[in-house]
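The following paragraphs guide the reader through a single protein model. Please keep the sequence and the structure in view while reading.

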Amino acid sequence: MPAPQRLNARGRGGDAPASRRSSARGRKGEAPAPQRFSAQGRRSSKLAPEQLKARSKAAFDEQAPIYDEGMQGDHARALYPCILEEARRAMESIPVPSVLDVGCGTGMLSERLLGAFPSCRLAGVDLSPAMVERARARLAGRAEVREADAERLPFHDGAFDLVVCNDSFHHYPDPDRAAFQMWRVLRKGGALVLGDVWQPAPARAVMNAWMPFSHEGDVRIYSEAELRTILGTWFQRVRWSRIGLTGCLVVASKG
């Protein structure tokens, strides 16, 4: 099997290797992506992936009652306008899109997606039961919200036109598998819109050194080149842009 495509920081995303894309089909979400950025391979932490997920779940269960108004959700909310703008652009030719919000939290972004696409079929997933409970209450039956792991999405291949993932990618112990899962559930021609944390190299190095001690299950803040590499294994036309001082936005398509 050929080595996964490596992308430079300023190059275009390009095609994921055809052999990897074709091998993923028909495996119902179990085909592993390359483990280049696994939690144990890139961090000094000896915590197993399930321990990291347990930390995230506990932290966001605790934050759920105050997340919408508190500082914990400030960064995620700051990315909403850019996420929605790119989502509208990606879906402008699809009158009734099917949309998945990965790491949907309390459902605030999902609610705005329903405003942008009033007739859409919307689903959301989150690892935190308390977040899922709040999202279900907010969306009041207008969306299907499940407690689920981004690395094991409980949907059929090609189920969605658009996948949105905002401010949660840096929590995933196996980002390659999460990227594969988002690719898998998209239809051919579908789009991924992903917002996340960004820091310049010196600050990023310091924060990544601190990550093993995070009580919120943070794994890694990725550089532009790293995100292009992770997503470029599966997606085409990976476009990265910086948002403000501490955010980034990635838009990619499934060929």
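The model shown here is predicted. A count of 18 salt bridges is found in the structure. One of them joins Glu 147 to Lys 57, with 3.9 Å between the closest N and O atoms. Glu 147 belongs to strand β3 and Lys 57 to helix α3, so this pair links parts that lie 90 residues apart in sequence.

Strand β3 leads to the sheet of which it is a part. This open sheet has seven strands, arranged in the order β3-β2-β1-β4-β5-β7-β6, and the pairing is mixed. Which strands stand at the edges? They are β3 (144-147) and β6 (236-243); each has a single partner strand, so one side of each remains without a neighbour in the sheet. On average, neighbouring strands of this sheet are turned by 15° against each other, direction ignored. One pairing may be followed in detail. Strand β1 (residues 98-102) and strand β2 (residues 121-126) run parallel and are joined by five bridges. Here Val 99 has Leu 122 of β2 opposite it.

Helices lie across the sheet as well. Helix α6 (residues 129-139) lies across β2 and β3, and runs at about 170° to β3. Helix α4 (residues 74-90) lies across β4 (160-166), β5 (186-197), β6 and β7 (247-253), and runs at about 155° to β5.

The helices also meet one another. Two packed helices are described by the angle between their axes and the distance between the axes. For helix α3 (residues 49-63) and α6, the axes come within 7 Å and cross at roughly 45°. Helices α3 and α6 are therefore oblique to each other, since an angle counts as oblique when it is neither under 35 degrees, nor over 145, nor from 65 to 115. On the α3 side, the contact is made by Lys 57, Phe 60 and Asp 61, and on the α6 side by Pro 129, Ala 130 and Met 131. Lys 57 is thus in this contact and also in the salt bridge with Glu 147. By class, the contact of α3 with α6 contains four nonpolar, two charged and no polar residues.

A further pair is formed by α4 and helix α5 (residues 108-116), whose axes come within 11 Å and cross at roughly 30°. This crossing of α4 and α5 is right-handed. From α4, the residues Arg 77, Tyr 80, Ile 83, Leu 84, Ala 87 and Arg 88 meet Met 108, Leu 109, Arg 112, Leu 113 and Ala 116 of α5. By class, eight residues of the contact between α4 and α5 are nonpolar, three are charged and none is polar.

Terms used: Residues are numbered from 1 along each chain as its sequence is written. This is a predicted model: local features need pLDDT of at least 70, side-chain atom pairs count only at pLDDT 80 or more; totals for chains, interfaces and linings use all residues. Side-chain values use heavy atoms; hydrogens and water are left out. Two strands pair if DSSP finds at least two bridges between them. Helices (H or I, at least four residues) and strands (E, at least two) are DSSP runs, numbered from the N terminus. Axes are lines fitted to C-alpha atoms, for helices over the stretch in contact, and angles run from 0 to 180 degrees between N-to-C directions. Contact means heavy atoms within 4.5 Å. Ala, Val, Leu, Ile, Met, Phe, Trp, Tyr, Cys and Pro count as nonpolar, Asp, Glu, Lys and Arg as charged, and the others, Gly among them, as polar. A crossing is left-handed if the near helix is turned anticlockwise from the far one by less than a right angle, and right-handed if clockwise. A salt bridge is a side-chain nitrogen of Lys or Arg within 4 Å of a carboxyl oxygen of Asp or Glu.
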